[in-house]
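Here is a short report on two ligands and the protein around them. Look at the model first, then read on.

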Amino acid sequence: MKDLRVTVLSNAPIAAGVNQMTFSLPERVEGLRCGRFVNLSVGDGAHLLRRPIAICEYTDATVTICYQIKGAGTKLLSQKKAGDELTCVLPLGNGFVLREEERRVALVVGGVGVFPMISVLKEYAGTGRAFCSYIGFRNAASVCGEKAFRAESERVSLVTDDGSFGEKTNAVAAFFADFDKAKPDVILSCGPAPMLRALKAGLAERGVKVPCYVSLEERMGCGVGACLVCVCDLANGARARVCKDGPVFEIGEVTL
Amino acid sequence: MADLRVNVCGVPFKNPVIAASGTFGFGKEFNEIYDISVLGGISTKGLTLEPRLGNPMPRIAEGYGVILNAVGLQNPGVEEFVREDLPFLRGKDAVVIANVAGRTIDDYAGICARLDGLVDMIELNISCPNVKCGGMAFGIRPESVKEVTRAAKSALKKTPLIVKLSPNVESIAANALAAQEGGADCLSLINTLTGMVIDIERRRPLIANNTGGVSGAGIRPIAVRMVYEVCQAVSVPVIGMGGITCAEDALEFIIAGASAVQVGTANFTDTLAMPRIIAGLNDWLDRHGVPNIEELRGTLRLNG
Ligand SMILES: Cc1cc2nc3c(=O)[nH]c(=O)nc-3n(C[C@H](O)[C@H](O)[C@H](O)COP(=O)(O)OP(=O)(O)OC[C@H]3O[C@@H](n4cnc5c(N)ncnc54)[C@H](O)[C@@H]3O)c2cc1C
Ligand SMILES: Cc1cc2nc3c(=O)[nH]c(=O)nc-3n(C[C@H](O)[C@H](O)[C@H](O)COP(=O)(O)O)c2cc1C
Ligand code: FES
């Protein structure tokens, strides 16, 4: 975990309201991994909180993130130009880990949840695993990351809420419709809370015993585990820090 | 190299920069980024006798140059702190301050008795705006400030007592005097100012608790004014905080009369804020030919 001054190399739109930014690291950083995240300053004196964004791609010298332009902070990020500097705390959180015996992997993804999943695909490409991807977007204009999923997945189902691209359904319904063909050993999921709740309910209804890991979002203060701002409820009644103990949790372990 | 050492009611600090309660946990996480032994001191997350789960989420929101939080004193309880976190903190070369809270006067006395002699200082949080009973209830009126301070003080045989004052009161100077009369060895201020941010689309407060405590750069002028007023009113040392982000900010508090400062929200914006402030203090003093920082304390001259 380091707090570094990084330099923007590129920052441009890749879909409606979504930007991709690549920045260079001033030094080598250990532990960049899929499902982990960075906490970026937006670089003005008005917005004191850093923005947590998943690591989408990385090399020894660069990190690429993709972010939806939502409020003031991501708007400021979208105005950064090549050569601008930002400070960034990284890498944060636990990330997705596949066990050796988990060979068939289902990815159930909604909206900007695609970006951490792209890091999973890149990291485990060439390990002989079969990925089956179920990806839901609001509409055709918000579709992004399709190429990465098509390149690395055995089966891909890309759907939209309004049917303007692919079938008119959602990622969870598409996943369960294809479940018998996917035959996953493990399920990884990232997306809005209602999607994760539907996934959890669907798994319970069908009595699916396959392990399922979800990446959660919560508003953060420190981003490093010290302030207890970002906690989530655990099924056992305790609370865990999304930034440090997560953001990835076993779906049965958390109350969504 | 300027001399940054300060002495606060008999406790020596190698520099006047202290991590503010609730923003630094028990130090372990920030220690992954830098060695927290560089700090003058560390005030822990607010501790209670029993573990507490705190408030529902979301617990944080942003304003312009400020943040609002309503964590609600989530903490593992004093026993787990003593077992799991205190040994780590003791191994660091920084003054350890336990920030404590309770629902009743007996809670305050009980937790003070439990920590007496185990930490370097105890900071009584009677000013948390985010918990329903206890906390702030004691911090509002001078009579109850004095009463809870007296109870805490009589439970302490070895460890000096800091009373942390709330800014959400009629007269912070009157409360400061009340704490001094109750036996406080030192005062710290300010805790957060109560505020609200509304999500206009949902027409609901952004924070689950509805209101939250406002902190960060934007509150600094209010905090400096209050620290000045309190320093004028009392004879015990004062630790100032509220919106400090750099060495120059810290110096305002010291010139207003504070013996040391705490840094909270700035740790979120810049995890290296405190080491930078310490280096910045040294540079400023050297540049201005001031050999030691204690010389600056309370040197404010008013206009007119
Ligand atoms: C671990 C993690 C990984 C994430 N990865 C991505 C990603 O790869 N791509 C992407 O587009 N988004 C991602 N998000 C969501 C992203 O952090 C928010 O969209 C962003 O912080 C909004 O900032 P803003 O200034 O635009 O919005 P504002 O509403 O102005 O933000 C105000 C405050 O609320 C916080 N906030 C608002 N929405 C969220 C949210 N959904 N989650 C956490 N904090 C929030 C902000 O960080 C800021 O502190 C991730 C969130 C988390 C927790
Ligand atoms: C997330 C958060 C949690 C806090 N928790 C506590 C606490 O447990 N006890 C306490 O006395 N003050 C607590 N505070 C208040 C700070 O210690 C400090 O008084 C206040 O934030 C003002 O300083 P700042 O502007 O530098 O942050 C908390 C502040 C924040 C932002
Ligand atoms: S944001 Fe501070 S503990 Fe997670």
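A polar contact is a pair of N or O atoms within 3.5 Å; within protein, one atom must be able to donate a hydrogen and the other to accept it, and residues adjacent in sequence count only if both atoms are side-chain atoms. The model is predicted: local features need pLDDT of at least 70, side-chain atom pairs count only at pLDDT 80 or more, and totals for chains, interfaces and linings use all residues. Residues are numbered from 1 along each chain as its sequence is written, chains are lettered from A and ligands numbered from 1 in the order in which they are written, and side-chain values use heavy atoms, without hydrogens and water.

The table lists polar contacts of both ligands.

| Ligand atom | Protein partner | Distance |
|---|---|---|
| Ligand 2, oxygen | T265(B), side-chain N or O | 2.6 Å |
| Ligand 2, oxygen | K164(B), polar side-chain atom | 2.8 Å |
| Ligand 2, oxygen | G216(B), polar backbone atom | 2.9 Å |
| Ligand 1, oxygen | G71(A), polar backbone atom | 2.6 Å |
| Ligand 1, oxygen | R219(A), side-chain N or O | 2.8 Å |
| Ligand 1, nitrogen | A54(A), backbone N or O | 3.0 Å |

The protein covers 88% of the 820 Å² of accessible area that ligand 1 has on its own. Such areas come from the Shrake-Rupley method with a 1.4 Å probe, and for residues only the protein chains shown count as cover.

Ligand 1 is surrounded by 19 residues, and P52(A), Q68(A), G71(A), T74(A) and E217(A) are the closest. A residue is near if one of its heavy atoms lies within 4 Å. This shell has 10 nonpolar, four polar and five charged residues. Strand 4 of chain A gives the most, with four residues. Strands (E, at least two residues) and helices (H or I, at least four) are DSSP runs, numbered from the N terminus.

Around ligand 2 there are 22 residues; S21(B), K164(B), G216(B), G243(B) and T265(B) come nearest. Five are nonpolar, 15 polar and two charged.

Where does ligand 2 sit? Ligand 2 sits in the largest cavity. For a molecule, sitting there takes more than half of its atoms within 2 Å of the grid points. A cavity is a set of points, on a 1 Å grid over the protein atoms alone, where a 1.4 Å probe fits but cannot get out; lining residues have an atom within 4 Å of a point. The largest cavity has a volume of about 490 Å³. Of its 36 lining residues, S21(B), T23(B), N69(B), N191(B) and T192(B) are the closest to its centre.

Technical notes: 1 Å grid on protein atoms, 1.4 Å probe; cavity = no way out; pocket = protein on both sides within 12 Å on 5 of 7 lines; lining within 4 Å. Nonpolar A, V, L, I, M, F, W, Y, C, P; charged D, E, K, R; others polar. Points joined across faces, edges and corners; volume = space filled by probe spheres on them.
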